[in-house]
Structures are given as C-alpha cells and as structure tokens.
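Reader: I have a model open on my screen and would enjoy a guided close look at one part of it. Could you take me through the aromatic rings, and then show me what else surrounds them in the fold?

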Amino acid sequence: DLRCMYHGFKFAPSGRCVEIPGETTIPEIARVASYPVESRHSWIWVWIGDPAKADAALIPPAVGLDDARWVLRHGQLDYAAPFDFEPTEHPGGVGVHPHRGFETVTLAFEGSVAHHDSTGAGGVIHPGDVQWMTAASGVLHKEYHEAEWARRGGRFHMVQLVVNLPAAHKMDPPRYQGLTAEQIGRSDLPDGAGIVRVVAGRYGDHVGPAETVTPINLWDLQLTGAAPVQLSFPRDETVALLVLDGSVTVNGTAANHRDLVVLDDDGTDLTVDAAEPARLLLLNGTRIDEPVVAYGPFVMNTRTQIMEAIQDFESGAFGHLDD
Ligand code: MN
C-alpha cells in the first residue's frame, strides 16, 4: 500500500483509497487509477493517471535530495508570498502530519498561525514572530491559520524553512521555541541603511534569541535604500538571500521579489543595494556535509532510517494528536 505522508490517505495498489485518517466512510472519488512507482533522484515518483502511460523516461530531470546542500543549492523554499484571504470560519492550514530529522522554522510577516504538536507544545505566532520547531526524533503537528485572524481575513505572508539536523542530533528529543517580535528586537544598520532583526545568530552586538543546533544566521533585513549594506561571512559557509519585498542588487546582480539568491562558495562578501525600500531574509550557516535522504516529512541520512521513520509513524511511536 502507498500512503500520502502529508495527508495520510492510504491507497491499495488498485488505486482504491483504503484509509482516510479520522474518517469512517471513504468517498468513491478518493482513488487513483493505480500507481506504478519508480525511485529516481532520491524521490519516489508515483503515476496517478492511466497506468499504461507510466514511462520512466517521462520523469523530468530533478534535483536529488541526496545532495547534502539541496535546500539552498536548488532554491527549494516554502515561501507563502503575500496573499489576501477572505474571512472564513474554516481556517486554512495543514492537518496532523509527522516530521523527523529536521526543524521547521516559520517566520510570520503578515497573518497569524497556530501550531500544536504531540509533545503538548504549541503556540500562535503573529507578524514579526517566529516559531522554531525542532522535530528531531519525531512529532506529529498541525499548522492552521489562527481562528480569530481567519475570521477577519487579510493579507498572509510567511516563510517556512526546513533546517536540517546533523546525524548526531536527528534523534534528540523534540523542542519548541516560540520567539516573539519583542524578543527578536531590531538594530540599526550603518548609514541609515535600515534595520536588521536577528532571529538566530549575531549581527554586531545583536544576538538572536533562537537556540540552534548548528551555527546559523537568520536575519530579517529591512532596507531604506539610503545606503548600501556590506556583509561578510566565512568562505566555506552557505549564504542565501530571499527577496521578500522590493528589488535589490546583490554584488551588482539584480534580484526581485521572490528571488532566492544563493552565493557562490567564494562570494561571501556581499554588497546589497536597494534603490527603494526593500526587505530580505538572510540565511547563513555552516554546512553539515552528510548524506541527505529526504522523503515527504522526513529528512534522514539513509534510506533505512526513512523506512524506520515510516514504520515508527505507522506504529504510533510519534505519539498522538487530535485533528
Ligand atoms: Mn509541518
């Protein structure tokens, strides 16, 4: 059987849906034609159309998640660009699902999100706040638009990062850090260039509140455009910038809203220029340089560990959380 690790639907090889978590009846429409499966680029590719048309040659060239630097190297980032939601009594979000082997870091720029997990931890984050959820050995959690915010509706703008954990810490106990805008604080950049909010790491004397497993800088840069910003990082670390608002040039190359700029290994001295006000998320960290095998909500070092994660999830070892 095949289970969708995000929504929990389980399908028999015939394509018939045989389980929907929390539901006693399964609608006839919940099925796929059948699902020939092919493993390629460390992804599991599943055909859900006519099985006669399943052809491995049709699998597009894809980035292998077994590349130790896949997240930043290949621009994979869960970016909820600004979007206006209508008022609703039924908050949007993602129901109960597992994670193991990494952290989810959610930064709220506009809108409010509620989180609950199977350790009993939880909280609501509002604009300027950050939720740093270390899944490590495993949690079940659910993430929804906060009910009051959903009732009012409005603009929603967030980023969720997947932060890998080194092998030595993948099976640590889970941890939850709710970081408020007040704790994060803000510091002035030189020459009236704007402000920086340090979530993790350090800018000058300003130390961010997040406790991280490996050294990470995570900064929210809000630029006025009055002066360029000079930043410098150690040579063999990964540095990336996501443009949240406005346009900038990074070492002379233009970057616009939604662009993720990943610096070359030897390009860690940055000059960021904004002609007008702009907002950027800066990500910097030391490389873990271990094998990465990612599958759905699990990020481990080997396929065996992925199989163990799936077995542990199916046997209830991640605990329980009501939907
Ligand atoms: Mn999640």
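**A close look at the rings**

Author: Happy to! A word on confidence to begin with: this is a predicted model, and the protein chain has a mean pLDDT of 87, with 89% of its residues at 70 or more. One stretch calls for care, since residues 68–75 have a pLDDT below 50. Beyond near neighbours in sequence, that stretch still has 23 contacts in the model. Where pLDDT is low, the predicted coordinates should not be read in detail.

Now to the rings. Searching the whole structure gives eight aromatic pairs. One of them joins Phe85 and Trp149 in an edge-to-face arrangement, with 6.2 Å centre to centre and 70 degrees between the planes. This pair links distant parts of the chain: Phe85 belongs to strand E6 (residues 78–85) and Trp149 to helix H2 (residues 147–152), 64 residues apart. Phe85 is partly exposed, at a relative accessible area of 31%, whereas Trp149 counts as buried at 7% relative accessibility.

Phe85 also forms an edge-to-face pair with Phe156, at 5.6 Å centre to centre and with 85 degrees between the planes. Here too distant parts of the chain are linked, as Phe85 is in strand E6 and Phe156 in strand E13 (residues 154–164), 71 residues apart. Phe156 has a relative accessibility of 9% and counts as buried. With Phe83 added, the picture is complete: ring pairs link Phe83, Phe85, Trp149 and Phe156 into a cluster.

Next, the metal site. Which residues coordinate the manganese ion? They are His97, His99 and His141, each through NE2, together with Glu143 through OE, at 2.1 to 2.4 Å. Along the sequence these donor residues follow the spacing H-x1-H-x41-H-x1-E. His99 sits in strand E7 (residues 93–99) and His141 in strand E12 (residues 139–145), so this pair ties together parts that are 42 residues apart in sequence. Are His99 and His141 buried or exposed? Both are buried.

Further along the chain, you can trace an open sheet of six strands. Its order is E15-E16-E19-E26-E21-E24, and the pairing is antiparallel. Strand E15 (187–188) and strand E24 (260–262) are the edge strands, each pairing on one side only. Within the sheet, strand E21 (residues 238–245) and strand E26 (residues 278–285) run antiparallel and are joined by seven bridges. In this pairing, Ala240 stands opposite Leu283 in E26.

A good residue to finish on is Asn217, which lies in strand E19 (residues 216–223). Asn217 counts as buried because its relative accessibility is 15%, with the cut-off for buried being under 20%. What does the side chain of Asn217 make a polar contact with? Its partner is the side chain of Trp219, at 3.3 Å. A polar atom of the Asn217 side chain also lies 2.9 Å from the backbone nitrogen of Arg202. Leaving aside neighbours within four places in sequence, Asn217 is in contact with Ala200, Gly201, Arg202, Phe233, Leu282, Leu283 and Asn284. Leu283 thus brings you back to strand E26, where this residue stands opposite Ala240.

Technical notes. Residues numbered from 1 in each chain as written. Predicted model: local features only at pLDDT ≥ 70, side-chain atom pairs only at ≥ 80, totals over all residues. Heavy atoms only, no water. Donors = N, O, S within 2.8 Å, 3.2 Å for Na, K, Ca; no water. Helix = DSSP H or I, 4+ residues; strand = E, 2+ residues; numbered from the N terminus. Buried < 20%, exposed > 50% of the residue type's maximum accessible area, 1.4 Å probe, protein only. Phe/Tyr/Trp six-rings, centres within 6.5 Å; stacked < 30°, edge-to-face > 60°. pLDDT = per-residue confidence, 0-100. Contact = heavy atoms within 4.5 Å. Pairing = 2+ DSSP bridges. Polar contact = N/O pair within 3.5 Å; in protein donor to acceptor, adjacent residues only side chain to side chain.
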